[in-house]
Each structure stands twice: as C-alpha cells, then as structure tokens.
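Q: I am new to this structure and would like one part of it explained slowly and closely. Please set that part against the whole.

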Amino acid sequence: MGTVKTITFEPNPKQVEFFESKSRFTAYGGARGGGKSWAMRTKLVLLALANDGVQILLLRRTLGELRENHLIPLLKLLKDVARYSASDKEFIFANGSRLKLGYCDDENDVLQFQGQAYDVIGMEEATHFTETQYLCLTESNRVSGQTVKPFKPRMYLTCNPGGVGHDWVKRLFVDRIYRKGETPEDYTFIKSLVFDNKFLMTRDPDYVRTLMSLPPARMRAMLYGDWDAFEGAFFPEFDREKHVVSTLSIPREWQRFRAIDYGLDMTCCLWLAVDSTGRVYVYRELYQKNLILSDAARTIDAMTGNTEEIRYTVASPDLWNRRQDSGKSGFEILSQNGLSGLIRADNRRVTGWRVTREYLSGDEPRLIISADCQNLVRTLPLLRFDEHQREDVCSTPHELTHAPEALRYALMSREPKTMPKTVKAGRSPYSFDTGSPTEYQYSDIIDF
Ligand SMILES: Nc1ncnc2c1ncn2[C@@H]1O[C@H](COP(=O)(O)OP(=O)(O)OP(=O)(O)O)[C@@H](O)[C@H]1O
Ligand SMILES: [Mg+2]
C-alpha cells in the first residue's frame with residue numbers, strides 16, 4: 001500500500017457553510033477577498049475525493065484567470081493526489097473522479113459543454129457570465145452515471161456584484177424573484193466579506209484599506225457586498241449639470257496648455273485653461289482618426305488661435321520612443337511640425353485617475369468642460385472599472401479611453417509633486433535642425 005497523503009484545510013465559518021450546502025444551486029460571495037476562490041477549489045477537491053467517480057467541471061471566464069486563480073494552486077495541492085492531463089485540462093483521481101477545468105471567453109464557448117454531463121459544475125465569478133451561458137451550463141449539470149453511489153447534481157457559484165451577469169445572479173440569489181419552473185428552495189446564497197477571511201486580514205491588511213478608498217458606491221459593493229450599490233461607472237462623480245457648460249469664455253490672462261493622447265486610431269487633443277484659483281477649464285478638443293504625426297501637429301497648431309499663448313503641451317510618454325520607420329521619435333516629429341513646449345505625461349494610471357476624480361468631486365468641482373468638447377463629455381461617464389485591475393479604467397471598448405486619457409495627462413501635469421524636474425522641449429522646429437533640443441527647467445515652462 002502506498003503512503004497516504006493527508007491534506008488539512010482550515011475553512012472559516014462562512015466557507016464551512018459553503019462546504020456543507022447541498023442545494024441544487026449554491027452561490028457564495030458578495031464582496032471582494034472573502035475567500036471564494038479558495039472555497040470553490042477546495043470544495044470541488046473534497047467532492048472528488050469523497051464521491052468515487054464524480055465528474056466535475058470548474059469554469060472561469062478566461063483561460064488566463066483560470067490558470068492563475070486555479071490551475072497553479074490545484075497543481076500544488078493535488079501533487080501526488082491526482083494526475084493532471086494538460087491536453088484535456090483535467091485532474092484524474094485514483095477513485096475515478098475527474099475535475100475538468102474550462103473557460104468561456106466567448107459567448108459561444110459554452111457550447112463545447114453541451115451534450116456533456118457533469119455531476120457538479122463550479123462557476124467562478126459567475127457575474128462574468130451571461131444568463132444565456134449560465135442556462136446552457138445548467139443543461140450539462142446532470143447525472144453523469146459514473147459515480148459509484150447515487151449523487152444529486154448541483155452547481156456552485158462564486159460572485160461579486162457587477163459584471164455582465166450582475167442581474168441574473170442578483171435575481172436568483174439576492175432578490176429571490178423566481179420565474180415559472182424555478183424552485184426557490186433550490187437556491188442558497190452565502191454572503192462572504194473580506195472580514196471573514198482571516199488569512200487575508202492578517203497577511204494583507206492594506207487590501208481592506210484599498211477597498212475602503214474606492215468611490216462610495218463601488219466601496220459598498222466590493223467591501224460590504226451590497227448588490228444595490230453596484231455602480232459600474234468609473235466616475236460616478238461626473239454630472240453634466242455640474243461639469244459641463246454651454247458657453248465658456250476664457251480671459252486672456254488665464255494660463256493655457258494642451259494635452260495629447262496620440263494614436264493613428266484616434267488622436268485626441270484637449271485645450272485647457274487655469275483660473276487664478278487653480279480651477280481647470282477644458283475649452284476645445286480635437287478628436288480625429290488616421291492623423292499621421294505631422295498632420296496631427298499641423299492640425300493642432302491650426303486649431304490654436306493666433307493670440308492664444310500655450311504654455312506647454314503634455315503628451316503620451318510613448319511619443320518619446322524612437323520610431324522604427326523614421327528613426328525619429330514622435331516628440332521630434334511633432335516638434336518639427338510646429339508643436340512647441342512638449343512635455344512627457346506622467347503616466348501613472350491609478351494616481352492619474354485618482355487626481356481626475358479629485359478634480360470632479362465636490363459641489364464646486366475644480367474641472368469645468370465646455371459642451372463643445374463633445375467626445376470628452378460623451379466618454380467620461382461611459383468609462384467602466386477594470387474588473388481585474390482595481391482602481392483602473394477598463395480598456396475596452398478602447399474608443400472610450402482616448403479623451404479621458406488626454407484629460408488624465410493634463411491634470412497630472414498640474415500636480416506639483418508628480419512633475420518631472422526637467423523637461424526637454426523644442427520651441428521651434430529649428431532647434432532640432434541643430435541636433436540640440438533645448439533643455440528647459442520645468443519651472444521655465446510651467447510657472448503657474
Ligand atoms: N481557509 C483558507 N485557508 C487558507 N488560505 C485561505 C483560506 N481562505 C482564503 N485563503 C487565502 O486568502 C486569499 C484570498 O482568498 P480568495 O482568492 O479565495 O478570495 P476571493 O474571495 O476569491 O477574492 P476575489 O474577490 O479577489 O476573487 C488567497 O490567498 C487564499 O488562498
Ligand atoms: Mg476569487
């Protein structure tokens with residue numbers, strides 16, 4: 001007889017509740033970091049060990065998430081316990097049980113499981129799945145016929161509020177509003193909070209602080225698992241009434257600057273002004289596709305009034321990289337085509353979004369946008385949270401990000417502590433002909 005490997009688990013009380021639930025559908029979750037993923041994979045391993053021949057499917061939305069969140073920990077946990085087949089992405093246990101890992105990146109990926117039978121299906125981050133995908137999976141959750149003893153099929157779900165599946169998860173497990181054919185007793189919800197996870201609380205107390213610093217609605221959803229509070233908007237502070245004005249005249253003495261997010265797919269340039277109190281006004285925008293750099297520079301220059309004194313232009317840092325085709329950097333091409341005083345944007349995303357949020361906050365916000373800046377006004381309220389990268393903006397749809405990125409560069413350039421000490425600037429195209437771009441002290445350019 002071989003040696004027996006003993007694995008000891010120490011679930012917290014909520015995880016015990018999850019382990020003991022035998023409902024047809026058990027959802028575990030609410031808030032972030034409560035120990036849901038740990039509970040899911042541990043529960044499925046326990047089921048595999050305790051029920052000879054049981055067929056289990058564990059799903060996440062993407063392959064990357066599956067690998068990071070489950071495959072790597074499972075390989076460690078099940079070493080010498082189950083055999084892993086990389087081609088089939090499944091663990092085979094000595095007792096005939098099988099734990100298959102899958103993902104449904106695309107809406108139709110779920111069809112691959114159609115016609116198959118799994119006694120247990122685990123859906124991780126169920127709110128990332130659409131209702132159609134969930135319904136399709138429920139059809140595959142049936143007696144596999146491979147268990148030694150009879151086993152009642154069931155599904156286990158973990159979830160946080162938000163995501164494409166927010167509504168169906170909330171209806172079934174939180175609001176408990178049922179349609180014909182659905183039996184209320186089949187649905188059990190166990191709410192987990194980060195405070196229930198003593199491992200995280202001791203190892204990473206900063207995590208709770210991060211959750212607490214989220215905007216109020218998001219914080220209520222992610223820290224307290226409040227399903228009603230969920231708000232997908234990245235800037236719930238944005239309010240047309242407060243931030244957008246139909247007419248805006250900028251006095252001559254106000255300082256002006258520009259911010260560019262350059263891309264061939266879209267070039268966005270914003271013109272901004274600052275009053276004596278430090279309030280920032282966005283008064284003009286360029287939003288145009290397919291502009292090569294020299295055209296972008298010329299267009300921006302042409303759109304700038306002759307009498308407007310632009311103190312500096314902050315632009316995406318990647319413009320300082322040399323381009324393979326011409327051997328020149330975007331910075332050089334822009335400078336040679338009439339854009340002077342270019343400075344490299346501070347591209348710390350999370351800090352930049354926080355600064356932007358600060359500008360938007362309060363009854364008398366420090367940011368005012370002219371209604372003429374249609375694309376900035378349109379896209380700011382459409383930005384969503386990135387589900388994976390806390391406190392960052394979701395990068396898809398990509399089109400929504402150009403104007404807000406330019407705004408972020410602009411506002412970061414106003415943060416004294418984040419500014420670079422020196423900046424290189426070409427006052428005129430000629431400074432490059434001599435091969436020596438002029439070095440300016442930061443204070444030479446931004447002295448307000
Ligand atoms: N009972 C436990 N024993 C040991 N470690 C645990 C236990 N519960 C949770 N953990 C650990 O706590 C950390 C967070 O847990 P987990 O990833 O399961 O949380 P989560 O609720 O899935 O988080 P998220 O909302 O970010 O998906 C992980 O490192 C996990 O391994
Ligand atoms: Mg998780």
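To begin with the whole, what percentage of the contacts in the protein with a separation of 6 or more is accounted for by residues 24 or more positions apart? And for the part I would like to see closely, in what order do the strands of the open sheet of 7 strands lie, and what is the pairing?

A: The model shown is a predicted one, and every statement below should be read with that in mind. For the whole protein, residues 24 or more positions apart account for 70% of the contacts with a separation of 6 or more. The protein has 448 residues, of which 38% count as buried, and its chain forms 16 helices and 17 strands. Taken along the principal axes, the C-alpha atoms fill a box of roughly 85 × 45 × 40 Å.

The sheet you ask about has its 7 strands in the order 9-15-12-11-10-13-14, and its pairing is mixed. The sheet is open, with strand 9 (244-245) at one edge and strand 14 (342-344) at the other, each of them pairing on one side only. Within that order, strand 11 (residues 267-274) and strand 12 (residues 280-288) run antiparallel and are joined by 8 bridges. One of the residue pairs here can be named: L272 has V282 as its bridge partner in strand 12.

A helix also belongs in this picture. Helix 14 (residues 402-412) lies across four strands, namely strand 10 (255-261), strand 11, strand 12 and strand 13 (310-315), and it runs at about 135° to strand 10. Helix 14 matters again when the nonpolar residues are grouped, since the largest nonpolar core has 49 residues, and L270 and A406 are the two that touch the most other members. To this core helix 14 gives the largest share, 7 residues. Leaving aside neighbours within four places in sequence, L270 is in contact with A406, L407 and A410, as well as with R258, A259, V282, E285, C373 and L376. In general, nonpolar side chains in soluble globular proteins tend to be buried together. There is also a second, separate core, which has 47 residues and includes V45, L99, F173 and W227.

For comparison, it helps to look at another strand and its partners. Strand 1 (residues 25-30) is mostly covered, with 6 of its 6 residues buried. Strand 1 pairs with strand 8 (residues 187-192) in the parallel sense over 6 bridges, and within that pairing F189 in strand 8 is the bridge partner of A27. Strand 1 also runs parallel to strand 7 (residues 154-159), to which 5 bridges join it, and there F25 stands opposite M155 of strand 7.

Turning to the ligand, there are 15 residues around ligand 1, and R32, G35, K36, S37 and W38 come nearest. Sorted by class, this shell has 4 nonpolar, 8 polar and 3 charged residues. Helix 2 (36-50) and helix 6 (198-203) each supply at least two residues of the shell, and the largest share, 3 residues, comes from helix 2.

Finally, a few single residues repay attention. Both E125 and D80 have a positive phi although neither is glycine, with a value near 50° for E125 and near 65° for D80. Their surroundings can be set side by side. E125 lies in the loop between strand 6 (120-123) and helix 4, and E125 counts as buried because it has 24 C-beta neighbours inside 10 Å, where the cut-off for buried is 20 or more. D80 lies in the loop between helix 3 (63-77) and strand 3 (82-85), and D80 is exposed because 8 other C-beta atoms lie within 10 Å, where the cut-off for exposed is 12 or fewer.

In helix 4 (residues 131-140) one finds Y134, which counts as buried because 20 other C-beta atoms lie within 10 Å of its own. When residues up to four places away in sequence are not counted, Y134 touches A126, F129, G165 and W168. V148, by contrast, is 14 residues from Y134 in sequence, and the two are 28 Å apart in space, C-alpha to C-alpha.

How values were computed:
Residues are numbered from 1 along each chain as its sequence is written. Chains are lettered from A and ligands numbered from 1 in the order in which they are written. This is a predicted model: local features need pLDDT of at least 70, side-chain atom pairs count only at pLDDT 80 or more; totals for chains, interfaces and linings use all residues. A residue is near a molecule or strand if its C-beta atom, placed from the backbone, lies within 6 Å of it. Ala, Val, Leu, Ile, Met, Phe, Trp, Tyr, Cys and Pro count as nonpolar, Asp, Glu, Lys and Arg as charged, and the others, Gly among them, as polar. Two residues are in contact if their C-beta atoms, placed from the backbone, lie within 7 Å. Two strands pair if DSSP finds at least two bridges between them. Axes are lines fitted to C-alpha atoms, for helices over the stretch in contact, and angles run from 0 to 180 degrees between N-to-C directions. A nonpolar core is a set of buried Ala, Val, Leu, Ile, Met, Phe, Trp, Tyr and Cys residues joined through C-beta atoms within 7 Å.
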